[in-house]
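Here is my note on the model you sent over. I have set it out as numbered points so that you can follow along with the structure open.

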Amino acid sequence: MHRQSLHLAALAAAAVPGLTPVSVVASPDDPADFSAAVVVDAQRQWWRVRSPRTPEAGIRLETELQVLAALTPRVRAALPFRTPSVAGAVRLGGLRTFVYQDMPGRPLPLEDLVVLGEPAVQDVGRVIAAVHTLPSSVVDLADLPVYTAEEVRNRRLHELDQAATTGRIPPVLLRRWEEAMEEEALWSFSPVPVHGDLHEDNLLVERGRVVGVTGWTDLHVGDPAVDLAWLAAAEDPDFAERVLDAYRGRRADAGAGDDGDEHLMRRASLLAEFALAQWLVRGVDRHDADMIAEAEDMLAELADAVRGRTHGSCLLYTS
C-alpha cells in the first residue's frame, strides 16, 4: 500500500469519528494540486479523501466547501446527477483535508467514456447543461467570482502574457493564441455558472451512465466553453459534437438556449490548447522540472501540428 494512501487513510480516521480504515486505494485527481484516495472502513462504507498539496489548492478546497453548502437539498434534487457531501475535515500544517461520503460510480478514462454510446453522450450533455443553468442563489451563497465576457478575454490575455514571459512557448503558438484572443467575435457569449474543472476524472459512471459530478473547487460565473474544453481531447472527433448537440438540446428544453454562441466549440478547443501553456506556467512557478518538460514536449508537438509538419492530430483549435 502506497505511503501517501496510508497517510490519507489516517487523516480520514482523524476527520470522521468512528471511521476505522481497513483498506485504501488512490483516486484520480489533479496530482499537482491534490492527493486523493478512497478509504473503505470496517462497516464496508466508502469515503473519498482529498488533501491539498499547496496553499492555492487549499483555497480551492475551501471554496468547494462553500459551493457544496450552497447546493441546498432543493437544488440537489433538481440536478440530474449526485454531488458530494463533506463528512469531516482535519487540519494539518495550516491546510484542511476533507473527507467526503463516497458516491456511486467511478471515473472512466476518456477513451472508455467515448465508447459507452449515446446514453453517455446524452448524460454528459445533460450534466453540462444542468451546471450552466444552476440558480443564481448558488453563486450568491458561495460568494463566487462573476466575470463578464470581456473580463474573461482580458484574463486570458493576461495569462498569455504570463506564459510568454517564460520564454518557453513556441512563437507560432503565441501568435496563434494572441490572434484568437483579440478576435472580438470569438468572445461574444453570455456568462453562465461553470464547473471550472470538468473532465472525465470528475464524472462518476455506473452501469454505463453518468451518475455523479465531483471536483467543485472552481465553480464561477464565466465562459461556458471552459466546461467543454476537455471534450477536444477525445480521439473520436464526433464525440464532442454529439455532446454539444445534447447540451444545446437540454438548454433549449430548460428555456435557456445558447444565446447565439456560435463560437462555443471553437473557444473550447482553443482553451484545450492553451491549457498546455497554463500547465507550463504552473510548472515554472513551482520549479517542477518534470511538469516543465512535459509541457514543453506537448507544446512542441502542437507547434509542429500548427506548422503543418504533422497531420494535426493534436491540432484542436481551428480558426
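**Notes on the predicted model**

1. Let me begin with a residue on the outside. Asp143 counts as exposed, because its relative accessibility is 65% and the cut-off for that label is over 50%. This is a predicted model, so please read every value here as computed from it. Asp143 sits in the loop that links α6 (136–142) to α7 (149–165). Its backbone may catch your eye too: phi is positive, about 55°, although Asp143 is not a glycine.

2. His287 is also worth a look. This residue lies in the loop between α10 (264–285) and α11 (289–307). Its phi is positive at about 55°, and His287 is not a glycine either. Is His287 buried or exposed? With a relative accessibility of 72%, His287 counts as exposed.

3. Now for the overall picture. The protein is built with 11 helices and 9 strands. For 319 residues, a compact globule would be expected to have a radius of gyration near 20 Å, and the value for this protein, 20 Å, agrees with that. Along the principal axes, the C-alpha atoms fill a box of roughly 60 × 50 × 40 Å. Among contacts with a separation of 6 or more, 66% join residues that are 24 or more positions apart.

4. On the surface, the accessible area of the protein is about 15000 Å², and carbon and sulfur atoms contribute 50% of that. Of the 319 residues, 50% count as buried. The charges come to 31 positive and 49 negative, and the mean positions of the two sets are 5 Å apart.

5. Next, the interior. In soluble globular proteins, nonpolar side chains tend to be buried together. Here the largest nonpolar core holds 53 residues, and Leu203 and Trp216 are the ones with the most contacts inside it. Helix α5 (residues 118–132) supplies the largest share of this core, 7 residues. There is also a second, separate core of 27 residues, which includes Ala32, Ala149, Trp279 and Ala295.

6. Trp216 deserves a closer view. Leaving out residues up to four places away in sequence, Trp216 touches Glu64, Val67, Leu68, Phe81, Thr83, Pro84, Val131, Leu134 and His195. One of these partners, Leu134, is the subject of the next point.

7. Where does Leu134 sit? It is in the loop between α5 and α6. Despite that loop position, Leu134 counts as buried, because its relative accessibility is 7% and the cut-off is under 20%. Beyond its neighbours up to four places away in sequence, Leu134 touches Leu71, Val75, Leu79, Pro193, Trp216 and Leu219. Pro193 is 59 residues from Leu134 along the chain, yet their C-alpha atoms are separated by 6.5 Å.

8. Thr97 belongs to strand β5 (residues 95–101). With a relative accessible area of 2%, Thr97 is buried. Which residues does Thr97 touch, not counting those up to four places away in sequence? They are Leu11, Val49, Arg50, Ser51, Pro52, Gly88, Ala89 and Val90. For Arg50, which is 47 residues from Thr97 along the chain, the separation between C-alpha atoms is 5.9 Å.

9. Val152 is part of helix α7. Its relative accessible area is 7%, so Val152 is buried. Setting aside neighbours within four places in sequence, Val152 is in contact with Tyr147, Trp187, Phe189, Gly222 and Asp223. If you measure across to Val49, 103 residues away along the chain, you should find the C-alpha atoms separated by 32 Å.

10. My last stop is Pro224, in the loop between β9 (220–222) and α9 (237–253). Pro224 is buried, with a relative accessible area of 5%. Apart from neighbours within four places in sequence, the contacts of Pro224 are His132, Phe189, Ser190, Val192, Val194, Tyr247, Asp261, Leu264 and Arg267. Ser85 is 139 residues from Pro224 along the chain, and their C-alpha atoms are 25 Å apart. Phe189 also appears in the contact list of Val152.

Note on methods:
Residues are numbered from 1 along each chain as its sequence is written. This is a predicted model: local features need pLDDT of at least 70, side-chain atom pairs count only at pLDDT 80 or more; totals for chains, interfaces and linings use all residues. Side-chain values use heavy atoms; hydrogens and water are left out. Helices (H or I, at least four residues) and strands (E, at least two) are DSSP runs, numbered from the N terminus. The radius of gyration is taken over C-alpha atoms; the globule rule is 2.2 Å times the number of residues to the power 0.38. Buried means under 20% relative accessible area, exposed over 50%, partly exposed in between (1.4 Å probe, protein chains only). Contact means heavy atoms within 4.5 Å. Accessible areas come from the Shrake-Rupley method with a 1.4 Å probe; for residues, only the protein chains shown count as cover. Lys and Arg count as positive and Asp and Glu as negative; His and the chain ends are not counted. The place of a charge is taken as NZ of Lys, CZ of Arg, CG of Asp or CD of Glu. A nonpolar core is a set of buried Ala, Val, Leu, Ile, Met, Phe, Trp, Tyr and Cys residues joined through side-chain atoms within 4.5 Å.
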